[in-house]
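Dear colleague,

Please find below the sequence and the structure that I am handing over to you. My findings follow directly after them.

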Amino acid sequence: MEKILTIDGRQVKFKSTGAFLLRYKAQFGRDAIQDIFKLSNAVDLKTKELKNVEALDLEVFYNLVWTLAKTADPNLPPPMEWLDTFSEFPLVEILPEVMDMIMSCLQPTATSKKK
């Protein structure tokens, strides 16, 4: 799954692939699935709106977003350097846009043939 979002006046490409979860673990040393579930406590997955600001861990959010961008562009600088290139990074606008991509890593796409 791929998306291009306009952030701070620039086009930023995001991509979710089978390697997304492994890339996250390699970069941050954390289990992406656990962090995704932590983030899902803050966001209503149906409406994709923020439902619990206290449950929102900005570090997890930024790490997941960076990993999606890094998957789309292997030449991306490290997370802090990349985030420093933006003077604005509107969380409220970006979060709903990338939640589908993040959650796509957890949803099955194949149908079971076992009967």
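I begin with Ala32, a residue of helix α2, which spans residues 32-40. Please bear in mind throughout that the model is predicted. Ala32 has a relative accessibility of 3% and therefore counts as buried, the limit being under 20%. Leaving out residues up to four places away in sequence, Ala32 touches Leu21 and Tyr24. Ala32 and Ile102 are separated by 70 residues in sequence, yet their C-alpha atoms are 9.5 Å apart in space.

Tyr24 also appears in the surroundings of another residue, Asn63, which belongs to helix α3. Once neighbours within four places in sequence are set aside, Asn63 is in contact with Tyr24 and Phe28. The relative accessible area of Asn63 is 9%, so this residue is buried.

As to the overall architecture, the chain comprises five helices and four strands. Their order along the sequence is β-β-α-α-β-β-α-α-α. The chain has 115 residues, of which 34% count as buried. Among contacts with a separation of 6 or more, 61% are made by residues 24 or more positions apart.

I turn next to the charged residues. Side chains of opposite charge can pair when their charged atoms come close. How many salt bridges does the model contain? The count comes to five, and three of the pairs are described here.

Glu2 and Lys13 form a salt bridge through their side chains, with an N to O distance of 3.3 Å. This pair links distant parts of the chain, as Glu2 is in strand β1 (residues 2-7) and Lys13 is in strand β2 (residues 10-15), eleven residues apart. Glu2 is partly exposed, because its relative accessibility is 44%. Lys13 is likewise partly exposed, at a relative accessible area of 39%.

A further salt bridge joins Lys3 to Glu97, and their closest N and O atoms are 3.6 Å apart. Here, too, distant parts of the chain are linked: Lys3 is in strand β1, whereas Glu97 is in helix α5 (residues 91-103), 94 residues apart. Lys3 has a relative accessible area of 21% and is therefore partly exposed. Glu97, with a relative accessibility of 34%, also counts as partly exposed.

Asp35 and Arg30 supply another pair, their side chains meeting in a salt bridge at 2.5 Å, N to O. The two partners differ in burial: Asp35 counts as buried at 2% relative accessibility, whereas Arg30 is partly exposed with a relative accessible area of 32%. Elsewhere, salt bridges that share partners connect Glu2, Lys13 and Lys15 in one network.

Lys70 deserves a separate paragraph. Lys70 is situated in helix α3, which covers residues 58-72. Is this residue buried or exposed? Lys70 is buried, and no salt bridge is formed by its side chain. Why is its approach to Asp73 not counted as a salt bridge? Asp73 is the nearest side chain of opposite charge but is 7.0 Å away, and a salt bridge requires the nitrogen to be within 4 Å of a carboxyl oxygen, so the pair does not qualify. The side chain of Lys70 does reach the backbone oxygen of Leu76, at a distance of 2.8 Å. Beyond residues up to four places away in sequence, Lys70 touches Arg23, Asn75 and Leu76.

Lastly, I come to the aromatic residues. The structure holds seven aromatic pairs. In one of them, Phe86 and Phe89 have ring centres 5.1 Å apart and ring planes at 70°, so the arrangement is edge-to-face. Both Phe86 and Phe89 are buried. These two residues are also part of a cluster, in which ring pairs link Phe61, Tyr62, Trp82, Phe86 and Phe89. Phe86 has a charged neighbour as well: Arg10 lies over the face of its ring, 4.0 Å from the ring centre.

For your own inspection, I would suggest viewing the surroundings of Lys70, with its contact to the backbone oxygen of Leu76, together with the aromatic cluster that includes Phe86 and Phe89.

With kind regards

Key:
Residues are numbered from 1 along each chain as its sequence is written. This is a predicted model: local features need pLDDT of at least 70, side-chain atom pairs count only at pLDDT 80 or more; totals for chains, interfaces and linings use all residues. Side-chain values use heavy atoms; hydrogens and water are left out. Rings of Phe, Tyr and Trp (its six-membered ring) pair if their centres lie within 6.5 Å; planes under 30 degrees apart count as stacked, over 60 as edge-to-face and the rest as tilted. Buried means under 20% relative accessible area, exposed over 50%, partly exposed in between (1.4 Å probe, protein chains only). A charge sits over a ring if NZ of Lys or CZ of Arg is within 6 Å of the ring centre and within 35 degrees of the ring normal. Helices (H or I, at least four residues) and strands (E, at least two) are DSSP runs, numbered from the N terminus. Lys and Arg count as positive and Asp and Glu as negative; His and the chain ends are not counted. A polar contact is a pair of N or O atoms within 3.5 Å; within protein, one must be able to donate a hydrogen and the other to accept it, and residues adjacent in sequence count only if both atoms are side-chain atoms. Contact means heavy atoms within 4.5 Å.
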